[in-house]
Amino acid sequence: ATIDVKAFDDGYYRRYCGGGLRPVLNTLVAAREAGIWLEVSNLVVPGLTDDRARLRELAAWVRDNLGADTPMHFLRFVPHHQMQNLPPTPVATLEDAWRIARDAGLRYVYLGNVAGHRSESTRCAACDAVVIERTGYRIGATHLDGGRCGHCGAGVPGRFGGL
């Protein structure tokens, strides 16, 4: 399951979502405790959800409550529907979020809606080799052997089905 944390800010949830942050965090923890493979996404909206301190708090919360191997996806905002007045998220902002999450200790951090970016593919946390090559939603080459890196043999967490 991929669960979206809109912002690590209860005020944002109240204003834009009509709800609260705590139920989302509780759902994430409950899913992890139920043994569900879990990934977290966060739409980085310029001026609304791109605060570096909040991104650090989110990354630390994911690490401390869900584990360092929980995949974290930072998604590029593109103006649409009711938020056409904001610009697209700069790639540099997403790359900053990526570094923040990696510096917090998250091992599998991705950028979404940035076609062709290095961070689309899954890389082995031990040797940094690509183990699942992705372009957008398409999977290319895979280098996994029974949940292990095909390059160095380190374990790669996940549920890989037919890969």
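# Close-up views of a predicted model

**View A. Threonine 122 lies in strand S5, and its surroundings are shown here in a model that is predicted.** At 4% relative accessibility, which falls under the 20% limit, threonine 122 counts as buried. Across the pairing of the strands, threonine 122 stands opposite isoleucine 132, a residue of S6. Leaving out residues up to four places away in sequence, threonine 122 touches Tyr108, Tyr110, Ala129, Val130, Val131, Ile132 and Arg134, so that isoleucine 132 appears both as the residue opposite and among the contacts.

**View B. An open sheet of 3 strands follows the order S5-S6-S7, with antiparallel pairing.** The edges of this sheet are formed by strand S5, residues 122-123, and strand S7, residues 138-142, each of which pairs on one side only. S5 is joined to strand S6, residues 130-135, over 2 bridges in the antiparallel sense, while S6 and S7 pair, also in the antiparallel sense, over 3 bridges. Strands of a sheet pair through backbone hydrogen bonds, which may link them in either a parallel or an antiparallel sense. The hairpin of S6 and S7 has 2 residues between its strands, and there glycine 136 takes a positive phi near 60°.

**View C. Arginine 134, placed in strand S6, stands opposite isoleucine 139 of S7.** With a relative accessible area of 25%, arginine 134 is partly exposed. Beyond its neighbours within four places in sequence, arginine 134 is in contact with Tyr110, Glu120, Ser121, Thr122 and Ile139. Histidine 117 is 17 residues apart from arginine 134 in sequence, and the two C-alpha atoms are 9.5 Å apart in space.

**View D. Asparagine 113 and aspartate 128 each have a positive phi.** Most residues other than glycine have a negative phi. Asparagine 113, whose phi is near 65°, lies in the loop between S4 and S5, and its relative accessible area of 46% makes it partly exposed. Aspartate 128, with a phi near 70°, is found in the loop between S5 and S6; aspartate 128 is likewise partly exposed, at a relative accessible area of 37%.

**View E. The other open sheet in these views has 4 strands, in the order S1-S2-S3-S4 and with parallel pairing.** Strand S1, residues 2-4, and S4 stand at the edges with a single partner strand each, so one side of each is left without a neighbour in the sheet. From one strand to the next, the twist averages 25°. S1 and S2 run parallel and are joined by 3 bridges, and in this pairing aspartate 4 has serine 41 of S2 as its bridge partner. Helix H4 packs on the sheet, where it touches S2, S3 and S4, and the direction of H4 makes about 165° with that of S4.

**View F. The largest nonpolar core has 29 residues, of which Val5, Leu28, Val62 and Phe74 touch the most other members.** Two or more residues of this core come from each of helix H2 (21-33), strand S2 (39-44), helix H3 (52-66), strand S3 (72-76), helix H4 (91-103) and strand S4 (109-112). H3 gives the largest share, 6 residues. In soluble globular proteins, nonpolar side chains tend to be buried together. Not counting residues up to four places away in sequence, valine 5 touches Tyr13, Leu21, Val24, Leu28, Val40, Ser41, Asn42, Leu43 and Leu58. A second core, separate from this one and made of 10 residues, includes Tyr110, Cys124, Cys149 and Val156; Tyr110 is also among the residues touched by threonine 122 and by arginine 134.

**View G. Helices H2 and H3 pack at an angle of about 35°, and their axes are 10 Å apart.** H2 passes H3 in a crossing that is right-handed. On the side of H2 the contact is made by Leu25, Leu28, Val29 and Arg32, and on the side of H3 by Trp61, Asn65 and Leu66. Sorted by class, the residues of this contact are 5 nonpolar, 1 polar and 1 charged. Leu28, which takes part in the contact of the two helices, is also one of the residues that touch the most other members of the largest nonpolar core.

Key: Residues numbered from 1 in each chain as written. Predicted model: local features only at pLDDT ≥ 70, side-chain atom pairs only at ≥ 80, totals over all residues. Heavy atoms only, no water. Pairing = 2+ DSSP bridges. Buried < 20%, exposed > 50% of the residue type's maximum accessible area, 1.4 Å probe, protein only. Contact = heavy atoms within 4.5 Å. Core = buried A, V, L, I, M, F, W, Y, C linked by side-chain atoms within 4.5 Å. Axes fitted to C-alpha atoms, helices over the stretch in contact; angles between N-to-C directions. Left-handed = near helix turned anticlockwise from the far one by under 90°. Nonpolar A, V, L, I, M, F, W, Y, C, P; charged D, E, K, R; others polar.
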